Amino acid sequence: MVTVDRFGSGTEGSQRGGAPEHAASAEKRFDFSGGELCLDFCNTLNGSRARPKELLLAYPDLVSWARQAGIVGDFEARALVETAHQHPTESTKALFHAKALREAIFRLFSNSIDGAAPEPADLAILNVTLGRALSHRRLSITHQGFAWEWRRDDEALDTMLWPVVQSAADLLVSPKASRVRRCGGTDCDWLFMDMSRNQSRRWCDMSGCGNRAKARRYYARKKTGR
Ligand SMILES: [Zn+2]
């Protein structure tokens, strides 16, 4: 199966930022406010890394995330869940690998934010996945000219990780990497792109973490009478 890439070619998919209207109501809804695919993937874990609240509890959650991100279509999503159902050991492995990759990407950016050196083990996880992803990268001819695409393998349960790892590698080598931030909220380690003019954004979301921080400051001032 061949799917034209929505990310590597530099044009973002229209589905990004929300699930299609016909999505099943029981499906988990994911947030896509990170500003880059790889950061949105890191944000599939709520809470802090010390007190995590995992959102990817089972393989179908990973497929839901990928579908909502616009990197797999509805048909492919159903096929992946069906394949996973037939191969439970493989799907457990794929989910385990997805979370290991996610945490490696998180630590690479997080260490960079803290001015710490990257862990070689994290880079190794990224490079192994990148090697596999790139073996599925193809150039195709479209009406608009050449385009990157992913040559899908119907049996590959890790297909959604290929654009994720490419996004992480592209961002790590880009000058934009200096704009990656980690939320300053208590119990929130979400990563996001700070595209503000003076690069002073501190929270993943002003209405959530930002408001809670403001409220804490307000009560602290009130308590000390300042
Ligand atoms: Zn936050």
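Analyst: Helices here are DSSP runs of H or I with at least four residues, strands are runs of E with at least two, and both are numbered from the N terminus. In this predicted model, that numbering lets us place glutamine 199 in the loop between S7 and helix H7 (206–224).

User: How many helices and strands does the chain have, and in what order do the elements run?

Analyst: The secondary structure comprises seven helices and seven strands, and from the N terminus on the order is β-α-β-β-α-α-α-α-β-β-α-β-β-α. Of the contacts with a separation of 6 or more, 61% join residues that lie 24 or more positions apart, and 31% of the 226 residues of the chain count as buried.

User: Where does pLDDT stay under 50?

Analyst: The mean pLDDT of the chain is 88, with 88% of the residues reaching 70 or more, but over residues 1–24 the value stays under 50, although the model has 41 contacts beyond four places in sequence for this stretch.

User: Which residues have the most contacts inside the largest nonpolar core?

Analyst: In soluble globular proteins, nonpolar side chains tend to be buried together. Here the largest nonpolar core has 45 residues, and those with the most contacts inside it are Cys38, Leu62, Ala66, Ile105, Val164, Val165 and Leu191. At least two residues of this core come from each of helix H1 (37–42), helix H2 (59–69), helix H3 (74–86), H4, helix H5 (120–134), helix H6 (161–172) and strand S7 (191–193), while the largest share, nine residues, is that of H4. Leucine 191 shows how one such residue is surrounded: apart from residues up to four places away in sequence, leucine 191 touches Gly34, Leu39, Cys42, Asn43, Phe106, Phe109, Val180, Arg181 and Arg182.

User: At what angle do H4 and H6 pack, and how far apart are their axes?

Analyst: Two packed helices are described by the angle between their axes and the distance between the axes. For H4 and H6 the angle is about 10° and the axes are 11 Å apart; because angles under 35 degrees count as roughly parallel, H4 and H6 are roughly parallel to each other. Ala98, Leu101, Ile105 and Leu108 in H4 meet Leu161, Val165, Ala168 and Leu172 in H6, and by class this contact has eight nonpolar, no polar and no charged residues.

User: Is H2 mostly covered or mostly uncovered, and which elements do its buried residues pack against?

Analyst: H2 is mostly covered, with nine of its eleven residues buried, and these buried residues pack against H1, H3 and H4. Among them are Trp65, Arg67 and Gln68. Glycine 70, which follows H2, has a positive phi near 85°.

User: Why does histidine 97 count as partly exposed?

Analyst: Burial is read from the C-beta neighbours inside 10 Å, with 20 or more needed for buried and 12 or fewer for exposed; histidine 97 has 16, and so counts as partly exposed. Histidine 97 lies in helix H4 (residues 88–114), and its C-alpha atom is separated by 9.3 Å from that of threonine 129, which is 32 residues away along the chain.

User: What is phi of aspartate 187, and what is phi of glutamine 199?

Analyst: Phi of aspartate 187 is near 60°, which is a positive value in a residue other than glycine, and aspartate 187 sits in the loop between strand S6 (180–182) and S7, where its 14 C-beta neighbours inside 10 Å make it partly exposed. Glutamine 199 also is a residue other than glycine with a positive phi, near 50°, and with 10 other C-beta atoms within 10 Å glutamine 199 is exposed.

Note on methods: Residues are numbered from 1 along each chain as its sequence is written. This is a predicted model: local features need pLDDT of at least 70, side-chain atom pairs count only at pLDDT 80 or more; totals for chains, interfaces and linings use all residues. Two residues are in contact if their C-beta atoms, placed from the backbone, lie within 7 Å. pLDDT is the predictor's confidence in each residue, from 0 to 100. A nonpolar core is a set of buried Ala, Val, Leu, Ile, Met, Phe, Trp, Tyr and Cys residues joined through C-beta atoms within 7 Å. Axes are lines fitted to C-alpha atoms, for helices over the stretch in contact, and angles run from 0 to 180 degrees between N-to-C directions. Angles under 35 degrees count as roughly parallel, over 145 as roughly antiparallel, 65 to 115 as roughly perpendicular and the rest as oblique. Ala, Val, Leu, Ile, Met, Phe, Trp, Tyr, Cys and Pro count as nonpolar, Asp, Glu, Lys and Arg as charged, and the others, Gly among them, as polar.
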